[in-house]
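Visitor: I should like to understand the reasoning behind the terms applied to this model. Please show it first.

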Amino acid sequence: MSVKKLNVGLVGAGFMGKAHVVAYSNMPKLFWPAPFYPVFKTVCDIVPEIAEDAKERFGFEKCCTDYMDIINDPEIDIVSICTPNNVHAEVAIAALNAGKHVLCEKPISATTEEAKAMAEAAAKAAEKGVVSMCAYQYRRVPAIDEAKKIIESGAIGELTNVRTQYLQSWSADPSSPLSWRFEKKTAGSGTLGDIATHAMDIAQYLAGDITELVSIVKTYIKERPVQEGGVDLLGTVKLGPDAKKKPVDVDDEVSILCKYAGGAVGSVEATRMAWGRNNYITVEAHGTKGSITWKYERLNELEVCYGMDDKDGERGFKKIYTGPANPHGDVTWNIPGMNIGYGELKAIEIYEFGKAIVEGYQPTTNFQVGYQLDRVCDAILESAEKHAWVTVK
Ligand code: SOE
């Protein structure tokens, strides 16, 4: 069998760049026949030493410090964007206009104006069969897809309430440095764009778009010691009291109450300051006949309560260990309970991206979805400022 080869250009060789490379490498090994086989052509990073290092470490043929070298290379088919948020738009639009398929890290951009321009460029490129995708990978966890199947089957009745949370702790310590993620000019927002968008994406996947909301948005740590260097160390290095400090102009924590297009109501909470919580994403979905609950830290397990089917006194959650019989069973190992993790999840994302490219459709997390999530973020900031319910535009 001969699988099509597609040449990959990676822009941004930090933490997420590594995640993309691992996912491209693993995808054809986990999914076979694979939609395509990646060829690691060029890696770009504005820091020359990081670019050189990434070339050697990840096995790219070339490296560069100007992303236009990737855009202008007619051999490159795919551009993966793993830069800080304020660079997404310029790279993505240039790549789409050059006819390259684009996988862009989330949030889609640092401003809604840029997100709109990206969605427009993606719509135009889509007419020529070019695919755009935002990296909202958590909706692709097999247990979340199984939850969606259960909801759509009607087995838990009409959804009444969907609550999601995304709690982390890596910035709870005030000596955790100020990286690009704490500056509006590079990140656009703080916890809101960084992780609340993941929780909202899962909620919207299950319950429909968020149509109205009321929010609270807080910043607790108003200044932080400045981190030198281009790679965000996500709080793994602490800086001492003598380090130069800069103000934080983005949020630390976001909470919303909302209404979904599907008729349910719910809430979304996100913070990067919850001591003891690491990558703690949770979903609780209640329907008129049952409930579903899930958390990322046990990502292979989905718990379902078929409330109406159980007798009083015997009612409770049944635990499903996802495996080969569940969505994306190809990536899981042969026996449920052997478990997948973040690496396999990112490979599922690359598989979905590749399938869309080869079969000629736009994936479910395309740029229009990224732009819609940016509009939800705008509504959240507006509501917090006005202390009032706001309709998502
Ligand atoms: C940091 O909060 C971060 O790396 C996010 O940017 C990712 O989107 C999330 O999946 C893990 O945490």
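Visitor: What makes the pairing of the ligand with the side chain of Tyr166 a polar contact?

Guide: The model is a predicted one. In it, an oxygen atom of the ligand lies 3.2 Å from an N or O atom in the side chain of Tyr166. The cut-off for a pair of N or O atoms is 3.5 Å, so this pair qualifies as a polar contact. The side chain of Trp170 likewise places an N or O atom 3.2 Å from a ligand oxygen, and for the side chain of Arg181 the distance is 2.8 Å. The protein buries 92% of the 310 Å² that the ligand exposes when taken alone.

Visitor: Which residues come nearest to the ligand?

Guide: Of the 13 residues around the ligand, Lys106, Tyr138, Arg181, Asp194 and His198 come nearest. By class, the shell comprises six nonpolar, four polar and three charged residues. Helix α8 (residues 191-207) supplies the largest share, three residues.

Visitor: Why is the ligand said to lie between domain 1 and domain 2?

Guide: Residues of the shell come from both domain 1 (5-137) and domain 2 (142-298 + 300-339), so the ligand lies between them.

Visitor: Which residues have the most contacts inside the largest nonpolar core?

Guide: They are Met200, Trp294 and Phe367, in a core of 78 residues. Helix α8 gives the most to this core, with ten residues. Domain 1 (5-137) and domain 2 (142-298 + 300-339) each contribute at least three residues to this core.

Visitor: What makes Met200 count as buried?

Guide: Membership of a nonpolar core requires a buried residue, and Met200 belongs to the largest one. Its relative accessible area is therefore under 20%.

Definitions and conventions:
Residues are numbered from 1 along each chain as its sequence is written. This is a predicted model: local features need pLDDT of at least 70, side-chain atom pairs count only at pLDDT 80 or more; totals for chains, interfaces and linings use all residues. Side-chain values use heavy atoms; hydrogens and water are left out. A residue is near a molecule or strand if one of its heavy atoms lies within 4 Å of it. A polar contact is a pair of N or O atoms within 3.5 Å; within protein, one must be able to donate a hydrogen and the other to accept it, and residues adjacent in sequence count only if both atoms are side-chain atoms. Accessible areas come from the Shrake-Rupley method with a 1.4 Å probe; for residues, only the protein chains shown count as cover. Helices (H or I, at least four residues) and strands (E, at least two) are DSSP runs, numbered from the N terminus. Ala, Val, Leu, Ile, Met, Phe, Trp, Tyr, Cys and Pro count as nonpolar, Asp, Glu, Lys and Arg as charged, and the others, Gly among them, as polar. Domain bounds come from an automatic or database domain assignment. A nonpolar core is a set of buried Ala, Val, Leu, Ile, Met, Phe, Trp, Tyr and Cys residues joined through side-chain atoms within 4.5 Å. Buried means under 20% relative accessible area, exposed over 50%, partly exposed in between (1.4 Å probe, protein chains only).
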